[in-house]
Amino acid sequence: MSKNSSDSLEEKALELLKKYPLCDSCLGRCFAKLGYRFENKERGKAIKTYLALELDRRIKDHKLEDLSEIKEILFNMGKDYSGIFEIYFSGEKFQERSCYICNNEIEEIKQDFFKKALDFLK
């Protein structure tokens with residue numbers, strides 16, 4: 001596996017999360033052609049977990065001098081990543097943000113669609 005494909009996914013995901021808060025499902029949908037048979041939510045969670053580990057490594061290896069660069073990314077990744085935020089920004093409050101695409105309502109939307117489809121088929 002070439003390093004470029006990994007960098008490409010990593011850089012694209014970081015670029016998205018610098019600009020937009022995204023839930024796991026919506027981030028995963030952005031990379032839907034990768035990871036055959038993964039659900040979007042699984043894919044998004046895996047990407048965010050990898051990014052959190054990578055950002056932590058970069059900080060510890062002194063590859064990121066300005067920590068403010070990652071603050072927005074961590075906010076946009078969601079509350080599951082507030083632990084890393086608390087370590088590096090101990091005096092600040094974590095900002096919870098709603099997903100830019102679904103407003104954190106994707107699960108309700110899917111359930112509503114499923115119920116309507118089931119009612120229609122009856």
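1. A residue here is called buried when its relative accessible area is under 20%, exposed when it is over 50%, and partly exposed in between, using a 1.4 Å probe and protein chains only. K33 is a friendly first example: at 85% relative accessibility, K33 counts as exposed. K33 is found in the loop between α2 and α3. K33 and Y81 are 48 residues apart in sequence, and their C-alpha atoms lie 25 Å apart in space.

2. A word on what you are looking at: this is a predicted model, in which local features need pLDDT of at least 70 and side-chain atom pairs count only at pLDDT 80 or more, while totals for chains, interfaces and linings use all residues. Residues are numbered from 1 along each chain as its sequence is written, and side-chain values use heavy atoms, with hydrogens and water left out.

3. Now the overall picture. The chain has six helices and zero strands, so its elements run α-α-α-α-α-α from the N terminus on; helices (H or I, at least four residues) and strands (E, at least two) are DSSP runs, numbered from the N terminus. The C-alpha trace spans about 60 × 40 × 20 Å along its principal axes. Of the 122 residues in the chain, 34% are buried. Among the contacts (heavy atoms within 4.5 Å) with a separation of 6 or more, 50% join residues 24 or more positions apart.

4. Which residues touch the most other members of the largest nonpolar core? They are L17, L51, I70, L74 and M77, in a core of 26 residues. The elements that give two or more residues to this core are α1 (3–19), α2 (24–30), α3 (40–60), α4 (68–77) and α5 (82–88). A nonpolar core is a set of buried Ala, Val, Leu, Ile, Met, Phe, Trp, Tyr and Cys residues joined through side-chain atoms within 4.5 Å.

5. Helix α4 deserves a look of its own. It is mostly covered, with seven of its ten residues buried: I70, K71, I73, L74, F75, N76 and M77. An α-helix has 3.6 residues a turn, so residues three or four places apart point the same way. After α4 comes G78, whose phi is positive, near 115 degrees.

6. M77 and K48 are worth finding together. Leaving aside neighbours within four places in sequence, M77 is in contact with L17, L22, K48, L51 and A52. With the same kind of neighbours left out, up to four places away, K48 touches L22, C23, D24, L27, M77 and Y81. A polar atom of the K48 side chain lies 2.7 Å from the backbone oxygen of M77.

7. Is K48 buried or exposed? K48 counts as buried because its relative accessible area is 1%. K48 is found in helix α3, and so is E54. E54 is buried too, with a relative accessible area of 12%. The side chain of E54 makes a polar contact with the side chain of R57 (2.5 Å); a polar contact is a pair of N or O atoms within 3.5 Å, and within protein one must be able to donate a hydrogen and the other to accept it, while residues adjacent in sequence count only if both atoms are side-chain atoms. E54 and L34 are 20 residues apart in sequence and 19 Å apart in space, C-alpha to C-alpha.

8. Next, the largest pocket, which holds about 410 Å³ of space. Of the 22 residues that line it, C23, D24, K48, G78 and N104 are the closest to its centre. The elements that give two or more residues to the lining are α2, α3, α4 and α6 (106–121). On a 1 Å grid over the protein atoms alone, a pocket is an open set of points where a 1.4 Å probe fits, with protein on both sides within 12 Å along at least five of seven lines, and lining residues have an atom within 4 Å of a point.

9. Two loop residues close the tour. Most residues other than glycine have a negative phi. H62 has a positive phi of about 60 degrees although it is not a glycine; H62 is found in the loop between α3 and α4 and counts as exposed, at 61% relative accessibility. N104, in the loop between α5 and α6, has a positive phi near 60 degrees. At 42% relative accessibility, N104 counts as partly exposed.

Conventions:
Points joined across faces, edges and corners; volume = space filled by probe spheres on them.
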